[in-house]
Amino acid sequence: MMLTKKVRLIVTDETSKLYQAAGVARWAYNYTIRMQEMNHRFGGTFISDNELRKHITKMKKRKKYAWLN
């Protein structure tokens with residue numbers, strides 16, 4: 001027999017920052033996978049982590065992606 005417990009997390013300033021960090025990490029992971037798939041689809045080779053990090057760093061400077069900071 002399996003027992004379960006329901007837990008409700010109360011959002012505070014500390015947990016909201018944690019949720020924001022998790023959201024940014026999830027976005028970055030999905031974005032890099034999408035970039036790798038598009039690159040592969042058009043016949044490119046594997047994009048290194050350094051190149052992807054540089055690209056995301058440049059993106060963070062734009063107004064549209066200011067929330068990544």
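## Exercises on a two-helix chain

At 70% relative accessibility, Phe 42 counts as exposed. That value belongs to a predicted model, and the exercises below work through more of its features.

**Exercise 1. Place Phe 42 in the chain and explain why Phe 42 counts as exposed.**

Step 1: Look between the two helices, H1 and H2; Phe 42 sits in the loop there.
Step 2: Recall the cut-off, which is over 50% relative accessible area for an exposed residue.
Step 3: Phe 42 has 70%, so Phe 42 counts as exposed.
Step 4: For a sense of distance, take Arg 53, which is 11 residues away from Phe 42 along the chain; their C-alpha atoms are separated by 21 Å.

**Exercise 2. Check whether the span of helix H1 agrees with its number of residues.**

Step 1: Helix H1 covers residues 13–41, which makes 29 residues.
Step 2: At 1.5 Å a residue, the expected span is 42 Å.
Step 3: The end C-alpha atoms of H1 are 42 Å apart, so expectation and model agree.
Step 4: Now step past the end of H1, where Gly 43 follows with a positive phi, near 85°.

**Exercise 3. Find the buried residues of H1 and say what helps to cover them.**

Step 1: The buried residues of H1 are Trp 27, Tyr 31, Thr 32 and Gln 36.
Step 2: Their cover includes helix H2, residues 49–60.
Step 3: Here is a general point that helps when reading such a list: an α-helix has 3.6 residues a turn, so residues three or four places apart point the same way.

**Exercise 4. Take Gln 36 and Tyr 29, and decide for each: buried or exposed?**

Step 1: Gln 36 is found in helix H1, and Tyr 29 lies in H1 too.
Step 2: Buried means under 20% relative accessible area; Gln 36 has 17%, so Gln 36 counts as buried.
Step 3: Tyr 29 has a relative accessible area of 54% and is exposed.
Step 4: Leaving aside residues up to four places away in sequence, Gln 36 touches Phe 46, Ile 47 and Leu 52.
Step 5: Tyr 29 can also be used as a ruler: Thr 15 is 14 residues away along the chain, and the two C-alpha atoms are separated by 21 Å.

**Exercise 5. Where is Ala 66, and how far is Ala 66 from Glu 37?**

Step 1: Go to the segment after H2, where Ala 66 has its place.
Step 2: With a relative accessible area of 39%, Ala 66 is partly exposed.
Step 3: Ala 66 and Glu 37 are 29 residues apart in sequence, and their C-alpha atoms are 25 Å apart in space.

**Exercise 6. Explain why the chain is described as more spread out than a compact globule.**

Step 1: Begin with the elements: the chain has 2 helices and 0 strands.
Step 2: The radius of gyration is 17 Å, while the globule rule gives 11 Å for 69 residues; 17 Å is well over that, so the chain is more spread out than a compact globule.
Step 3: The C-alpha trace spans about 50 × 40 × 20 Å along its principal axes.
Step 4: Turning to burial, 14% of the 69 residues count as buried.
Step 5: The accessible surface comes to about 6800 Å², and 58% of it belongs to carbon and sulfur atoms.

Definitions and conventions
Residues numbered from 1 in each chain as written. Predicted model: local features only at pLDDT ≥ 70, side-chain atom pairs only at ≥ 80, totals over all residues. Heavy atoms only, no water. Helix = DSSP H or I, 4+ residues; strand = E, 2+ residues; numbered from the N terminus. Rg over C-alpha atoms; globule rule 2.2 N^0.38 Å. Buried < 20%, exposed > 50% of the residue type's maximum accessible area, 1.4 Å probe, protein only. Areas by Shrake-Rupley, 256 points an atom, 1.4 Å probe, with all protein chains shown as cover. Expected span 1.5 Å × (residues − 1). Contact = heavy atoms within 4.5 Å.
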